Amino acid sequence: MKVRSIMTPQVIQSAPGESAAVAARLLTHYNIGALPVCTTDGKLCGMLTDRDVVTRCIASGLDPAKTAVRQIMTGKVQSITADMDAGVAAHLMGSQQIRRLPVVEEGKLCGMVSLGDLAMQYETAYDAGDALAEISA
């Protein structure tokens, strides 16, 4: 099974120049824990999590309304391609201890895949369980 068949193709994202406050409202509104950060041409340049907003912005005394996403995002992002085997993606998640991966084609964001996506598929449920065990260890 390929990542393409289980990924979420419509992804809520943020721009690097967007404020942390706006990004936090997106996270809350859509009930998600992470936003891929993309340039205007769709190139993935980072990831922002709800934890990043709290630890790198609020706890550091920065004003979320005046702090750009690029200042608090994780810039080095592990990503995968849509044609990658879903089981391989699950093993990557476990070894890198991450719960969601942006999916890119030619450097541009085309989807997201999460451990939940993998767990919902019979073919990858076992791999997702192994990945979660590695993440939780």
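Trainee: Which residues does Ser 14 touch, not counting those up to four places away in sequence?

Mentor: Ser 14 touches Ala 23, Leu 35, Pro 36, Val 37, Cys 38 and Val 69. Keep in mind that this is a predicted model.

Trainee: Where is Ser 14 found?

Mentor: In the segment before α1, the helix that covers residues 20-29.

Trainee: And is Ser 14 buried or exposed?

Mentor: Ser 14 has a relative accessible area of 4%. The cut-off for buried is under 20%, so Ser 14 counts as buried.

Trainee: Okay, let's zoom out. How many helices and strands does the protein chain have?

Mentor: The chain has six helices and four strands. Along the sequence they follow the pattern α-β-β-α-α-α-β-β-α-α.

Trainee: What percentage of the residues count as buried?

Mentor: Of the 137 residues, 41% count as buried. As for the accessible surface, the chain has about 7500 Å², and 52% of that belongs to carbon and sulfur atoms.

Trainee: What about contacts between residues 24 or more positions apart?

Mentor: Among contacts with a separation of 6 or more, 56% are between residues 24 or more positions apart.

Trainee: Got one such pair to look at?

Mentor: Try Met 112 and Met 7. They are 105 residues apart along the chain, yet their C-alpha atoms are separated by 5.4 Å. Met 112 sits in strand β4, and Met 112 is buried at 11% relative accessible area.

Trainee: What else is Met 112 in contact with, leaving aside neighbours within four places in sequence?

Mentor: Besides Met 7, the contacts of Met 112 include Thr 8, Val 11, Pro 36, Met 47, Arg 100 and Asp 117. Leu 101, Pro 102 and Val 103 are in contact with Met 112 too.

Trainee: Switching to the cores. How many residues does the largest nonpolar core have?

Mentor: The largest core has 16 residues. Those with the most contacts inside it are Val 3, Met 7, Ile 80, Val 103, Val 113 and Leu 118.

Trainee: Which elements each supply at least two residues of that core?

Mentor: Two helices and two strands do: α4 (86-96), β3 (100-105), β4 (108-114) and α5 (115-119). The largest share, five residues, comes from α4.

Trainee: And what lies apart from that core?

Mentor: Another core, of eleven residues. Leu 27, Leu 35, Cys 57 and Val 69 are among them. Leu 35 and Val 69 also came up earlier, since Ser 14 touches both.

Trainee: Cys 57 is in α2, right? Which residues of α2 are buried?

Mentor: Asp 52, Val 53 and Cys 57 are buried in α2, which runs over residues 50-58.

Trainee: Why are those on the same side of α2?

Mentor: Because they cover an arc of only 100° around the axis. In general, an α-helix has 3.6 residues a turn, so residues three or four places apart point the same way.

Trainee: What covers the buried residues of α2?

Mentor: The cover includes α1, β2 (44-49) and α3 (69-72).

Trainee: Asp 52 catches my eye there. How is it placed?

Mentor: Asp 52 is buried, with a relative accessible area of 7%. Leaving aside neighbours within four places in sequence, Asp 52 is in contact with Met 47, Cys 57, Ile 72 and Thr 74.

Trainee: On to pockets. What volume does the largest pocket have?

Mentor: About 340 Å³. The pocket is lined by 14 residues, and Met 47, Thr 49, Thr 74, Ile 98 and Arg 100 lie nearest its centre. Met 47 and Thr 74 are also contacts of Asp 52.

Trainee: Which strands each supply at least two residues of the lining?

Mentor: β2 and β3. The largest share of the lining, three residues, comes from β3.

Trainee: Last topic, backbone angles. What is phi of Gln 97 near?

Mentor: Near 55°, a positive value in a residue other than glycine. Gln 97 is in the loop between α4 and β3, and Gln 97 is partly exposed at 46% relative accessible area.

Trainee: And Glu 106, where does that lie?

Mentor: Glu 106 lies in the loop between β3 and β4. Phi of Glu 106 is near 55°, and Glu 106 is exposed, with a relative accessible area of 78%.

Terms used. Residues are numbered from 1 along each chain as its sequence is written. This is a predicted model: local features need pLDDT of at least 70, side-chain atom pairs count only at pLDDT 80 or more; totals for chains, interfaces and linings use all residues. Side-chain values use heavy atoms; hydrogens and water are left out. A nonpolar core is a set of buried Ala, Val, Leu, Ile, Met, Phe, Trp, Tyr and Cys residues joined through side-chain atoms within 4.5 Å. Buried means under 20% relative accessible area, exposed over 50%, partly exposed in between (1.4 Å probe, protein chains only). Contact means heavy atoms within 4.5 Å. The arc is that of the directions from the helix axis to the C-beta atoms. Accessible areas come from the Shrake-Rupley method with a 1.4 Å probe; for residues, only the protein chains shown count as cover. On a 1 Å grid over the protein atoms alone, a cavity is a set of points where a 1.4 Å probe fits but cannot get out, and a pocket is an open set with protein on both sides within 12 Å along at least five of seven lines; lining residues have an atom within 4 Å of a point. Grid points are joined across faces, edges and corners, and a volume is the space filled by probe spheres set on the points.
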